[in-house]
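Here are my notes for you to read with the viewer open. Take them one at a time, and look up each residue as you go.

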Amino acid sequence: MVPAARQVLALLDALARQPGPVPAAVLVRDLGLPRSTVYHLLAELTAAGLAVHLPEERRYGLGPAALELGTAFLRQEPLARLARPVLARLVDRVGQSAHLAVLHGREVLYVVEERAPGRPSLVTDVGVRLPAQLTASGRAMLAGLPAAQVRALFPDPDAFVDRHGAGPRSLSALRRVLVEVRRIGWATEDGEVTPGFASVAAAARDHTGRPVAGLALTFRGVDADSGARERFARAVLTSAAELTSRVGGHVP
């Protein structure tokens, strides 16, 4: 990649990471580029609609064209397209049903499901939303978020939706679950979404190292002892790493 293109992408990434518009001096500091270079790049991005200048505040933020790029990403569904063959190979390897979910606030939204032949139907149909703290895929993604973001998502006991009387019902309980996820490297749930069924999951990550999706296998609890569950988890980890690579991500 030519240096100019690399600098433009770095500047867009820096703008996207900010909670709001920032002075150019912040971008100069974060990028380590000459002040004149940053101002030149900002002028070009502003002309293209990818950045916007707020003259009264002397700040810069992302422009409307950046929103258009984001909505185009959603329309084209590249994440689901990239994940389908990964999930299909996972199902072929282990013979259990698999699905892909993304975080949507305090919920997970299921976007792909690959059902194994002869396996029962699940509640994780495409378009279904479930409480993130109860699902394996939700826990895998939550474990990769900053503590402050998890706290903002679950500010009080009312944020913890109950399905079957199981699972964390407080922030401290959820934190203990997420600590264990980070310790072993994958997430689990057993009967907390659907009695009699269990899941293991791992997160795929984007180019910043943040979780972009959760890949999970779901199976009858009675059909898998601890050894089988660990084997399923290892397979899910391999698939999550494959999807991470396919989306250009990395594990921090």
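The points below go from the whole chain to some charged pairs, then to a glutamine and a cavity.

1. First, a word on what you're looking at: this is a predicted model. The chain has nine helices and eight strands. If you trace the C-alpha atoms along the principal axes, the span is about 65 × 40 × 30 Å.

2. Next, how the chain packs. Of the 252 residues, 42% are buried. Now take the contacts between residues at least 6 apart in sequence: 57% of them join residues at least 24 apart. Keep that in mind when you get to the charged pairs.

3. On to charges. Side chains of opposite charge can pair when their charged atoms come close. How many salt bridges does the structure hold? The count is eight, and I'll walk you through three of them.

4. Start with glutamate 192 and arginine 139, whose closest N and O atoms are 2.3 Å apart. Glutamate 192 sits in the loop between β6 (187-190) and β7 (197-205), while arginine 139 belongs to helix α6 (residues 136-142), so this salt bridge links parts of the chain 53 residues apart in sequence. Are these two buried or exposed? Glutamate 192 counts as buried, at 12% relative accessibility. Arginine 139 is buried too, at 4%.

5. Now find arginine 229, which makes a salt bridge with aspartate 190; here the closest N and O atoms are 2.9 Å apart. Arginine 229 is in helix α9 (residues 226-246) and aspartate 190 is in strand β6, so the pair ties a helix to a strand across 39 residues of sequence. Check the surface values as well: arginine 229 is partly exposed at 21% relative accessible area, and aspartate 190 is partly exposed at 44%. The cut-off for buried is under 20%, so arginine 229, at 21%, doesn't make it into the buried class.

6. The third pair stays inside one helix. Arginine 234 forms a salt bridge with glutamate 230, with 3.5 Å between the closest N and O atoms. Why can they pair up within helix α9? They are four residues apart there, which means about one helical turn separates them. Both are partly exposed: arginine 234 has a relative accessible area of 46%, and glutamate 230 has 38%.

7. Go back towards helix α6 and look for glutamine 133, in the loop between β5 (129-131) and α6. Glutamine 133 is buried, with just 1% relative accessible area. A polar atom of its side chain lies 3.0 Å from the backbone oxygen of valine 161. Leaving out residues up to four places away in sequence, glutamine 133 touches Arg106, Arg139, Leu142, Phe154, Phe160, Val161, Pro168 and Leu174. You've met one of those before: Arg139 is the partner of glutamate 192 in point 4.

8. Last, the empty space. There is one cavity of 30 Å³ or more, and the largest cavity holds about 50 Å³. Which residues line the largest cavity? They are Gln96, Ser97, Arg119, Pro120, Leu122, Phe197, Thr218, Phe219, Arg220 and Asp223. Strand β8 (residues 211-220) gives the most to this lining, with three residues. Sorted by class, the lining has four nonpolar, three polar and three charged residues.

How values were computed:
Residues are numbered from 1 along each chain as its sequence is written. This is a predicted model: local features need pLDDT of at least 70, side-chain atom pairs count only at pLDDT 80 or more; totals for chains, interfaces and linings use all residues. Side-chain values use heavy atoms; hydrogens and water are left out. A salt bridge is a side-chain nitrogen of Lys or Arg within 4 Å of a carboxyl oxygen of Asp or Glu. Helices (H or I, at least four residues) and strands (E, at least two) are DSSP runs, numbered from the N terminus. Buried means under 20% relative accessible area, exposed over 50%, partly exposed in between (1.4 Å probe, protein chains only). A polar contact is a pair of N or O atoms within 3.5 Å; within protein, one must be able to donate a hydrogen and the other to accept it, and residues adjacent in sequence count only if both atoms are side-chain atoms. Contact means heavy atoms within 4.5 Å. On a 1 Å grid over the protein atoms alone, a cavity is a set of points where a 1.4 Å probe fits but cannot get out, and a pocket is an open set with protein on both sides within 12 Å along at least five of seven lines; lining residues have an atom within 4 Å of a point. Grid points are joined across faces, edges and corners, and a volume is the space filled by probe spheres set on the points. Ala, Val, Leu, Ile, Met, Phe, Trp, Tyr, Cys and Pro count as nonpolar, Asp, Glu, Lys and Arg as charged, and the others, Gly among them, as polar.
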